[in-house]
Amino acid sequence: MKLLRFGPAGEERPGLLDAHGVVRDLSDVIGDITPATLTPDALAALRAIDPASLPAVPGAQRLGVPWSGCGKFVAIGLNYSDHAAEAGLPEPAEPVMFAKWTSCLCGANDDIIPPPDFTRLDWEVELGIVIGRTARRVSEAEALDHVAGYCVANDISERAYQFDRSGGQWGKGKGFDTFGPVGPWLVTADEVPDPQALGLWLSVNGERMQDGHTSKMIFSCARLVAECSRVMTLEPGDLIITGTPPGVGMGHTPPRYLQPGDVVEAGIDGLGVQVQRVRAP
């Protein structure tokens, strides 16, 4: 299934995308797509519904974050060997974890609004893992059994805040409002048989900047879920974004950063495409 939420910000309604690309309204079935919706039993109940029995949603609709109630937004740094090389940093011996504030979450096609004093606004397409079962110290072998699905994410970053201020704080540079576009859909795990077999890409103003593949991850999705579950209890609705391939703005010579009016497009095989425009602060 491709689960989504449509409508104005703060007024989103639950829906799904059918096999013909039509958005179907789930409002008569569930009030919202919440962490409780992402559990195995709840997803099985939704999967049993014939999409054709649901009302079609007319016209173009804004798509919000595909589920509500994300409790933790965990990000993984330097998880592609070629990205670590372009950053001039050694490959980590274990996953590098940091937090993005849940208040930065926004819809896949919402505008990016940088802080007033931004100078080095950057992009990072990433595969997102959405948790569907509580995971506490799970093994790598059983880790993916705790995943509800996957999504496209863009880890927007203000590099000056990330690296230069207060000695460098990744959370500070990556947590501004609108710095966490997610979606357009949450694709359930049954439609993603191998999360290490996905191409991902990002373009700015139509120019391809990133072109990677999840097979190049240093730590697999299963390893990341297992490692995160060792240091925190993962709950349904939690989101882990898994690192970015090379081609970020700071990796160019000279560096290339986003400016107001720029259009960013990012996609992952089978998970959809997001489009954001950078607004003036």
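This is a short tour of one sheet and two cysteines in a predicted model.

**The sheet**

Start by selecting strands S14, S13, S16 and S17. Together these 4 strands form an open sheet, and they lie in the order S14-S13-S16-S17. The pairing in this sheet is antiparallel.

Next, colour residues 207-213, which make up strand S14, and residues 272-277, which make up strand S17. Both strands stand at the edges of the sheet. Each has a single partner strand, so one side of S14 and one side of S17 are left without a neighbour in the sheet. Now look along the sheet: from one strand to the next, the twist averages 10°.

Keep S14 in view and add strand S13, residues 199-204. S13 and S14 run antiparallel and are joined by 6 bridges. Within this part of the model, select Trp201 and then Asp211 in S14; the two residues stand opposite each other.

**The cysteines**

A disulfide is a covalent bond between the sulfur atoms of two cysteines. How many disulfides does the model have? With a cut-off of 2.5 Å between cysteine sulfur atoms, the count comes to 0.

Select Cys106 and Cys104. The sulfur of Cys104 is the nearest cysteine sulfur to Cys106, at 7.4 Å, and Cys106 is in no disulfide. Is Cys106 buried or exposed? Cys106 is buried, with a relative accessible area of 7%.

Finish with Cys228 and Cys221. Cys228 is also in no disulfide; its nearest cysteine sulfur belongs to Cys221 and is 11 Å away. Cys228 counts as buried, because its relative accessibility is 0% and the limit for buried is under 20%.

Conventions
Residues are numbered from 1 along each chain as its sequence is written. This is a predicted model: local features need pLDDT of at least 70, side-chain atom pairs count only at pLDDT 80 or more; totals for chains, interfaces and linings use all residues. Side-chain values use heavy atoms; hydrogens and water are left out. Two strands pair if DSSP finds at least two bridges between them. Axes are lines fitted to C-alpha atoms, for helices over the stretch in contact, and angles run from 0 to 180 degrees between N-to-C directions. Buried means under 20% relative accessible area, exposed over 50%, partly exposed in between (1.4 Å probe, protein chains only).
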